[in-house]
Amino acid sequence: MNNISRAQFLQQTAAAGAAALLSSLESFAKEMPTNRLRVAIIGCGSVSNRYLPQLLSSQLIQVVSLCDIKYDRAIAQNKQYNVNAETYPHIEKMLAGVPFDMMVTLTDMQMHGTLNKIAITAGKHVWSEKPMANTYAEGKALLDLAKSKGLRLWGAPAVVNSPQFAFMSKTIQEGKLGRISSAHGQYGHTGPIWSAFFYEKGGGSMPDLGVYNMATLTGLLGPAKSVMAMTSIVTAERTVDDKGKIKVEAEDNAHLLLEHDKNIISHVMCGFNFFDTHGHEAGTTSLHSIQLFGTEGNMRLLGYDWETNGVVLDTVSIQPPQLLCTDKGGYEWQEGARVVGESMVKGIEPRINVEHALHVLEIIEAARKSSATGMKIKLQSTFKWPML
Ligand SMILES: NC(=O)c1ccc[n+]([C@@H]2O[C@H](COP(=O)([O-])OP(=O)(O)OC[C@H]3O[C@@H](n4cnc5c(N)ncnc54)[C@H](O)[C@@H]3O)[C@@H](O)[C@H]2O)c1
């Protein structure tokens, strides 16, 4: 599909049908100045090694700029992945450089809100690694700004893209588990060793790890109405590659209770002090990280919600329990920016949406507040649900 024209592309995807024509993304697709979405990546550290192959694999996307304040990293990634992009040491220089349509933000978590605001103000669409901002208010202001300028903002994680998420969502909506009562998600490892920001204020295991389970459980069960949480710091000091010995300032251990509609309660636990024989990789694990219980059945997701190995379904009519939906269908957790980029070119709205990411950001902030005050915290945000 190299060098395909917009007209040809739209013709080929006509089968995508009326939904595409009604999509709010259609106007973006029509107005795009080129046949491919021009992407600029900011932050060329660890996760860029996952994003670059995804973005470069797409015929509908061109990576035109790479930026990092550690400038040698931008140059090294350009060479390593044969990107053939321009490289920059600063966002302002990148904005003044070669034109692009969407910025992909892969920097330290604490910088996301500031950088995303600069890009949106300059008229760029944004895909942001989590969290899209440091606070719910900052995230909401970003979304309002993007809307006022007719731009799109998207936030990781992309867990709702997996076939296993779709399968679980459909199973719940079809009533196969009866009346849902409770759910649990967990995600932890022994903590990143390369960068201090994971442990500094605004970091922590909730925005880095728990965020996946929060997105999955709210995506499956609906928006949370309130949050209660306890968080703690288990390892007070760490040694990391970029800053040596540091004091840990952000929680590295967290438990959250989420109250959903219809009296459903879910629980998320995450942390940077979770030993697991499998390490961080979930490729072969048959352990489950997400479980949901209803009056007529239960479901367990094998692997992680970011690396999905199948779903065990156990209901009054499915006995013995069966392992189903084992095909990942090409899903990879790092696909989010590519998927939304391609959606913009095609003019078709993807399942992932920014209101959901913003809701999860509000949950994280509410959990911090709940832990600090001992109070149950009410939430104000919501998103379109069910996400089938
Ligand atoms: N590493 C992973 O496997 C992984 C997986 C999923 C999500 N993430 C998320 O991706 C983000 C980045 O994580 P990472 O592990 O790649 O961190 P990292 O420390 O390896 O890379 C971050 C990079 O951003 C650069 N940077 C910081 N501020 C900048 C600025 N103002 N302008 C330009 N560049 C700037 C740093 O110099 C660094 O090279 C985080 O939000 C993290 O939660 C990481």
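This briefing covers confidence, domains, ligand shell, cores and selected residues of one chain.

The model is predicted: local features need pLDDT of at least 70, side-chain atom pairs count only at pLDDT 80 or more, and totals for chains, interfaces and linings use all residues. Residues are numbered from 1 along each chain as its sequence is written. The chain averages a pLDDT of 92 (the predictor's confidence in each residue, from 0 to 100). The chain is divided into domain 1 and domain 2, and the shell around the ligand draws at least three residues from each.

**Confidence**

- 93% of the residues score a pLDDT of at least 70.
- Residues 1-23 stay under 50.
- For residues 1-23 the model has 17 contacts beyond four places in sequence. Two residues are in contact if their C-beta atoms, placed from the backbone, lie within 7 Å.

**Domains**

- Domain 1 spans 32-155, and domain 2 is made of 162-330 + 359-378. These bounds come from an automatic or database domain assignment.
- The centres of domain 1 and domain 2, taken over C-alpha atoms, are 27 Å apart.
- Twelve residues from domain 1 and twelve residues from domain 2 form the contact.
- On the side of domain 1 that touches domain 2, five residues are nonpolar, five polar and two charged. Here Ala, Val, Leu, Ile, Met, Phe, Trp, Tyr, Cys and Pro count as nonpolar, Asp, Glu, Lys and Arg as charged, and the others, Gly among them, as polar.

**Ligand shell**

- The ligand is surrounded by 23 residues. A residue is near a molecule if its C-beta atom, placed from the backbone, lies within 6 Å of it.
- The closest are Gly43, Gly45, Ser46, Val47 and Ser195.
- By class, the shell holds eleven nonpolar, five polar and seven charged residues.

**Nonpolar cores**

- The largest nonpolar core has 95 residues. Such a core is a set of buried Ala, Val, Leu, Ile, Met, Phe, Trp, Tyr and Cys residues joined through C-beta atoms within 7 Å.
- A residue is buried if 20 or more other C-beta atoms lie within 10 Å of its own, exposed if 12 or fewer, and partly exposed in between; C-beta atoms are placed from the backbone.
- Val39, Ile41 and Leu153 have the most contacts inside the largest core.
- This core draws at least three residues from each of domain 1 and domain 2.
- A second, separate core has seven residues, including Phe197, Tyr199, Val248 and Ala250.
- Beyond four places in sequence, Val39 is in contact with Leu55, Ile61, Gln62, Val63, Val64, Phe100, Met102, Val104 and Gly341.

**Helix α11**

- Helix α11 covers residues 336-346. Helices (H or I, at least four residues) and strands (E, at least two) are DSSP runs, numbered from the N terminus.
- Ten of the eleven residues of α11 are buried.
- Gly341, one of the contacts of Val39, is among the buried residues of α11. So are Arg338 and Lys346.
- Gly347, just after α11, takes a positive phi of about 75 degrees.

**Backbone features**

- The peptide bond from Ala156 to Pro157 is cis, with omega near 5 degrees. Pro157 sits in the loop between β6 (153-155) and α9 (163-173).
- A cis peptide bond also runs from Gln319 to Pro320, with omega near -5 degrees. Pro320 is in the loop between β15 (308-315) and β16 (322-324).
- Lys262 has a positive phi, near 60 degrees, in a residue other than glycine. Its place is the loop between β11 (253-260) and β12 (265-271). Lys262 counts as exposed because it has 9 C-beta neighbours inside 10 Å.
- Cys325 has a positive phi too, near 50 degrees, and lies in the loop between β16 and α11. Cys325 is buried because 25 other C-beta atoms lie within 10 Å.

**Partly exposed residues**

- Ile118 belongs to helix α7 (residues 112-121). Ile118 counts as partly exposed because it has 17 C-beta neighbours inside 10 Å.
- From Ile118 to Asp242 the C-alpha distance is 26 Å, with 124 residues of sequence separation.
- Val234 is in the loop between β8 (224-232) and β9 (237-240). With 13 C-beta neighbours inside 10 Å, Val234 is partly exposed.
- Val234 touches Asp252, Asn253 and Asn273, leaving out residues up to four places away in sequence.
- Val234 and Ile75 are 38 Å apart, C-alpha to C-alpha, and 159 residues apart in sequence.
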